[in-house]
Amino acid sequence: MATLIQQVINGLSLGSVYALIAVGYSLVYSILLFSNFAHGGFLVIGGYICYGTLRTFGTGIWMSGALALAGAGLAAVLTERLAYRPIRERTNVTLYLLIASMGMSIVIENIFVIVAGGRFRALPPVIPTAPVNLMGLATTSAFDLLSLVSAVVFLGALQLFLSKTRWGLAIRAAAYDLRTAGLMGVNVNLLISIVFFVAGALAAVGGIFLSVRYTLYPQLGAITIKAFVAAVIGGLGSLPGAVVGSLILGLAEMLTAGFISSQMRDLVVFSMLVITLLVKPTGLFGKSVSEKV
Amino acid sequence: MNGTGERNVLLEVKDLHVSYGAIRALSGVSLKVYEGEIVSVIGSNGAGKSTLMNAIMAMVRREKGDVFLGGAALEARSYKVVQQGVSLSPEGRKVFAPLTVLENLKMGAFPRGKDSKVDEDLEWVFSLFPRLKERIAQYAGTLSGGEQQMLAIGRALMARPKVLLLDEPSLGLAPIIIRDIFKELRRINNEGVTILLVEQNARQALLLSHRGYVLQTGHMVQEGPSEELLANADIKAAYLGGGKAPKGLS
């Protein structure tokens with residue numbers, strides 16, 4: 001029983017970090033209708049900014065975290081300006097965007113291989129990882145609880161932004177129909193920049209927690225594949241779907257690790273992807289194709 | 001009322017050319033809309049009517065020629081065109097299906113920011129289309145076609161345009177609903193909004209408008225007061241169903 005509770009908490013914690021990544025990825029997908037494979041790069045950029053400022057300037061975690069969020073957000077905006085906008089302005093074919101994003105993903109990864117080196121780095125112990133006893137029921141780490149709480153805070157903030165603000169409304173409208181949103185007097189390029197900034201910043205939060213969990217290295221962004229799977233299971237382009245899919249995935253991974261075998265984790269994850277695509281290709285919350293005209 | 005009097009030209013399209021790749025959609029189209037007028041552009045499928053609307057809104061590139069609003073050239077970016085005072089109710093309505101009626105209307109007022117008059121205009125739109133008020137919290141995708149058309153027009157009005165553009169407001173609607181909507185269009189015009197509409201439903205459009213233009217494969221082939229166009233034998237034959245209405249209709 002204690003193991004179960006512990007694994008459920010670990011699963012929710014891991015899932016909530018996936019959710020931070022999946023939500024940004026899904027947000028970009030909902031607006032531009034392509035899978036941004038450079039999304040993992042934003043996460044790595046956030047991780048390295050956090051690591052670098054902690055190490056060289058000795059800033060606190062709050063300062064370093066804020067810098068990481070801002071830096072990854074700006075990097076995402078820059079990526080869109082440099083690599084995607086020139087394509088967007090010439091064609092509606094999203095396949096080119098997909099290919100450009102694969103290119104950008106390789107570029108970002110290799111920048112860090114060259115600049116920071118390929119070795120694994122541990123973040124200074126700024127995030128407590130001490131074990132915590134939950135009312136005698138189970139033992140888990142403070143880190144897991146912290147990442148769960150942070151993810152909830154950031155996802156809550158995103159939800160507030162989308163539902164309560166003028167630009168949030170515009171983003172929801174654009175997610176349904178970008179062209180018509182432009183017709184409403186929305187500066188579409190600015191809107192896309194805002195979306196990339198938000199996606200990059202959320203990825204950085206995920207990046208910081210993942211670097212504590214798995215250490216930091218240039219290929220850490222590859223973990224985004226899990227967030228992609230989560231987004232597909234939840235329904236591409238749907239934000240609640242991305243969150244629910246991520247939690248399911250985190251739980252499945254941790255329960256598999258706890259009760260079957262740690263090596264089976266990825267097998268379970270990708271089986272879930274295959275089953276989703278076979279049974280309900282639009283995912284749990286995906287848009288069905290037929291809309292009333 | 002005849003709009004060609006001494007009033008000011010509000011919207012002017014001058015020698016507009018638009019192409020899609022090798023296909024020329026508009027070749028040198030010009031038109032004028034005077035302040036307070038309703039002008040209709042009629043033409044069959046593929047004549048370039050929607051392209052004309054999209055080119056005014058800068059949704060497609062204006063290859064050659066200019067569009068002026070009150071003497072100032074309209075910008076080449078859509079959001080700036082809206083800020084300058086032109087808004088469009090697009091063909092096929094294009095309401096934001098997963099947003100509520102209220103959110104759709106707020107989207108229409110997007111460029112106005114925190115303008116305190118937005119709430120007044122919301123009430124104005126609801127007075128024009130009371131059905132929308134009844135369905136204020138409903139998702140736009142669940143509305144009937146006629147209600148969606150009302151929403152699309154209301155949404156465009158929320159930008160407080162100097163000129164309201166309407167692309168096929170009658171498309172796919174039952175005749176009785178078309179009549180309702182066109183009645184409201186007249187009322188909107190009476191309250192000071194200048195209207196330019198393009199329509200395949202030539203009779204309805206000409207009955208509503210003061211002046212009309214006939215667009216044919218990218219060229220303006222005729223223009224004049226709407227009554228004259230309605231009475232014109234060629235136009236009757238081409239666009240109004242062969243001159244005499246079929247029995248039982250009219």
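Author: Two strands pair if DSSP finds at least two bridges between them. This is a predicted model: local features need pLDDT of at least 70, side-chain atom pairs count only at pLDDT 80 or more, and totals for chains, interfaces and linings use all residues. Residues are numbered from 1 along each chain as its sequence is written, while chains are lettered from A and ligands numbered from 1 in the order in which they are written.

Reader: In what order do the four strands of the open sheet in chain B run, with antiparallel pairing?

Author: Strands (E, at least two residues) and helices (H or I, at least four) are DSSP runs, numbered from the N terminus. The edge strands of this sheet are S2 (23-34) and S5 (72-73) of chain B, each paired on one side only. The pairing is antiparallel, and the order in chain B is S2-S1-S4-S5.

Reader: Which residue in S4(B) stands opposite B:Val13?

Author: Strand S1 (residues 9-20) and strand S4 (residues 64-69) of chain B pair over five bridges. The sense of that pairing is antiparallel. Opposite B:Val13, in S4(B), stands B:Val67.

Reader: What is the order of the open sheet of six strands in chain B?

Author: This sheet has mixed pairing. Its edge strands are S6 (86-89) and S10 (219-225) of chain B, each pairing on one side only. Read across, the six strands of chain B are S6-S7-S8-S3-S9-S10.

Reader: Which residue in S7(B) stands opposite B:Ser89?

Author: S6(B) and strand S7 (residues 163-167) of chain B run parallel, joined by four bridges. Within S7(B), B:Leu165 stands opposite B:Leu88. The residue opposite B:Ser89 is B:Leu166.

Reader: In S8(B), which residue is the bridge partner of B:Asp167?

Author: S7(B) also pairs with strand S8 (residues 194-199) of chain B. Five bridges link them in the parallel sense. In S8(B), the partner of B:Asp167 is B:Val198.

Reader: How many residues of S7(B) are buried?

Author: A residue is buried if 20 or more other C-beta atoms lie within 10 Å of its own, exposed if 12 or fewer, and partly exposed in between; C-beta atoms are placed from the backbone. On one side of S7(B), B:Val163, B:Leu165 and B:Asp167 are buried, and on the other B:Leu164 and B:Leu166 are too. S7(B) is largely enclosed by the rest of the structure, because its buried residues number five of the five.

Reader: How many residues of chain A are in contact with the 21 residues of chain B?

Author: Two residues are in contact if their C-beta atoms, placed from the backbone, lie within 7 Å. On the side of chain B that touches chain A, helix H2 (78-84) and helix H3 (101-108) of chain B each supply at least two residues. The 21 residues of chain B meet residues of chain A numbering 16.

Reader: Which helix of chain A do the buried residues of H3(B) pack against?

Author: H3(B) is mostly covered, with six of its eight residues buried. Those buried are B:Val101, B:Asn104, B:Leu105, B:Lys106, B:Met107 and B:Gly108. In chain B they pack against helix H4 (118-128), helix H5 (130-134) and helix H6 (145-157). In chain A their partner is helix H6 (166-176).

Reader: How many helices does chain A have?

Author: From the N terminus on, the elements of chain A run α-α-α-α-β-β-α-α-α-α-α-α-α. Two of them are strands. The helices of chain A number 11.

Reader: How many strands are there in chain B?

Author: Chain B has 10 helices. Its C-alpha atoms fill a box of roughly 50 × 45 × 40 Å along the principal axes. The strands of chain B number 10.

Reader: What part of the 293 residues in chain A do buried residues make up?

Author: The C-alpha trace of chain A spans about 60 × 50 × 35 Å along its principal axes. In chain B, 45% of the 250 residues count as buried. For the 293 residues of chain A, the buried part is 49%.

Reader: In chain A, for what part of the contacts with a separation of 6 or more do residues 24 or more positions apart account?

Author: Take A:Ala199, leaving aside its neighbours within four places in sequence: its contacts include A:Gly24, A:Tyr25 and A:Leu27. Chain B has a value too: pairs 24 or more positions apart account for 69% of its contacts with a separation of 6 or more. In chain A, that part is 75%.
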